[in-house]
Amino acid sequence: MFASLQSFIQDTKWGLYQNLESDLHDLLYLFWEATRQCNLNCRHCGSDCSKDSHPGLPAQVVTQTLERIASVYSAQDIVLVVTGGEPLVRPDLFDVLKIAARLGFRLGMVTNGISVSKPMAKRLAEAHVDNIVVSLDGPKETHDWLRNRDGAFERACRGIENLLEAGVPFVEAITCATPKSLEQLDETYRIVKDLGAHAWRIFNIFPAGRAKNDPELLLTDAQLARLIENVARLRAIGQAEGFPVNLSEEGFLGWDWESRVRDSPYFCRAGINIAGLMADGAIAACPNLPTWMNQGNVLHDDFIDVWEQGYRLFRNRSWTKQGACATCSKWNVCRGNSLHLWRTPDGGPSWCHYQILHPDTDLQRSFHLPRPDWLPFLHLQRTKQKR
Ligand code: SF4
Ligand code: SF4
């Protein structure tokens, strides 16, 4: 009785907080898909990237968009997170970064680490890319298998070491959990910690891009539950050893699990605090959201107008009250789960984490598809803004 009252109060408080954040919709993270081209051909790539993919928006269009944003909002309150593809294959990347830094944006990057030699690491540090996430998907054999390249593990490890040596202030390793790597999480923990990374984050694959056609990459419900249990266990070890371990925003888990796997409770901030500038100019929220969620294109729309007037489906999620979510007592806090799980507007999320972790709950299960996720980044900070 007391536990359910406590849970109700937590749901209500967190629901009100999400409403407030949605109303304010401060732009805190701008994901820039610098290019869709990549120097790897990973089995699980959500963007289906290759060396022949979209090269990215012309630098001038990107910098004009950044200038426009910085003319209205306080750029120092926004993290420009550079993604891809592999951002480091873009030849004029540092020209754009220089302008972004001059405008005041804080800089982050997600990389596969392949190209992070000592000189590249130094260049990134000098360009003030202060927060870098490097993919490391398990021990050598598993990483090279997933990344489809012999030697990828060694280069990612050297990349992390080079970034640390160059003085990048925050270097995080991110691991994509698959059925194969699920049994190697303890070993991966040790590898990442011994490399000296500042933190470790774990996520698992969603059925998009190449992963959609490769069932051996997707976790079953039981494996997903085991992943969450293992992250909770390793996070406790990490807390004792001073090493932060987090699960990505994999979906609402219930209050009994939230604090055990991550620093702040689940909240899908896509379109609320997070926007995306995609390689083709699309104005999106997170990368890897389906294109039906795009809100415009900087080639013909003003980014600020779109951010202020658009993104309605992100800020009012009542449309997710479908199927099992329609009558769910947890909707106010979960809101239909992570939006990256909605591959179509009426298909329901690919996964209900709450149901998987609480099988005795009376939630109906009207959907069950394979599974998702991708990248969530950094640590959201509130400060802000409009000039
Ligand atoms: S939960 Fe998914 S869609 Fe939502 S902010 Fe995180 S990555 Fe983006
Ligand atoms: S049924 Fe929907 S709203 Fe309820 S916990 Fe599951 S995903 Fe979330």
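Which residue in β2 is the bridge partner of tryptophan 32? Keep that in mind while you get your bearings. One thing to know before you click anything: this is a predicted model.

**Stop 1: the sheet**

Switch to a cartoon view and pick out the strands. You'll find 10 of them in an open sheet, and the order across it is β7-β6-β5-β4-β3-β2-β1-β8-β9-β10. The pairing is mixed. In general, strands of a sheet pair through backbone hydrogen bonds, either parallel or antiparallel.

Now look at the two edges, β7 (245-247) and β10. Each has a single partner strand, so one side of each has no neighbour in the sheet.

**Stop 2: strand β1**

Select residues 29-33, which make up β1. Five of the five are buried, so the strand is largely enclosed by the rest of the structure. Try colouring the two faces: Tyr29, Phe31 and Glu33 sit on one side, Leu30 and Trp32 on the other, and all are buried.

Next, add β2 (residues 79-83), which runs parallel to β1 and is joined to it by five bridges. Here's the answer to the opening question: tryptophan 32 has valine 82 as its bridge partner in β2.

Then add β8 (residues 274-277), also parallel to β1, with four bridges between them. Click leucine 30 and look for alanine 275, its bridge partner in β8.

**Stop 3: over to the β7 edge**

Select β6 (residues 199-204) together with β7: three bridges join them, and they run parallel. One pair to click is arginine 201 and its bridge partner in β7, asparagine 246.

Now show helix α9, residues 221-241. Which strands does α9 lie across? They are β5, β6 and β7, and the helix runs at about 155 degrees to β7.

**Stop 4: helix α5**

Select residues 140-147 for helix α5, then highlight its buried residues: Thr142, His143, Leu146 and Arg147. Turn the view until you look down the helix axis. The buried residues fall within an arc of 120 degrees, so they line one face of α5.

What covers them? Among the elements doing so are α6 (152-166), β5 (170-177) and α7 (179-182). Before you leave, click asparagine 148, just after α5, which has a positive phi of about 65 degrees.

**Stop 5: a valine in a loop**

Find valine 298 in the loop between β10 (296-297) and α11 (303-309). Is it buried or exposed? Count the C-beta neighbours inside 10 Å: there are 20, so valine 298 counts as buried.

Leaving aside neighbours within four places in sequence, the contacts of valine 298 are Val61, Thr65, Leu277, Gly281, Ile283 and Phe303. Also try a distance from valine 298 to glutamine 64: the two are 234 residues apart along the chain, yet their C-alpha atoms are separated by 9.6 Å.

**Stop 6: the two ligands**

Start with ligand 1, which has 12 residues around it. The nearest are Glu249, Cys268, Cys286, Ser338 and His340. Colour this shell by class and you'll get eight nonpolar, two polar and two charged residues.

Finish at ligand 2. How many residues are around it? There are 14, with Cys325, Cys328, Cys334, Cys352 and Tyr354 coming nearest. Two elements, α13 (331-334) and α14 (353-357), give two or more residues to this shell. Colour it by class too: 10 residues are nonpolar, three polar and one charged.

Conventions:
Residues are numbered from 1 along each chain as its sequence is written. Chains are lettered from A and ligands numbered from 1 in the order in which they are written. This is a predicted model: local features need pLDDT of at least 70, side-chain atom pairs count only at pLDDT 80 or more; totals for chains, interfaces and linings use all residues. A residue is near a molecule or strand if its C-beta atom, placed from the backbone, lies within 6 Å of it. Ala, Val, Leu, Ile, Met, Phe, Trp, Tyr, Cys and Pro count as nonpolar, Asp, Glu, Lys and Arg as charged, and the others, Gly among them, as polar. A residue is buried if 20 or more other C-beta atoms lie within 10 Å of its own, exposed if 12 or fewer, and partly exposed in between; C-beta atoms are placed from the backbone. The arc is that of the directions from the helix axis to the C-beta atoms. Two residues are in contact if their C-beta atoms, placed from the backbone, lie within 7 Å. Two strands pair if DSSP finds at least two bridges between them. Axes are lines fitted to C-alpha atoms, for helices over the stretch in contact, and angles run from 0 to 180 degrees between N-to-C directions.
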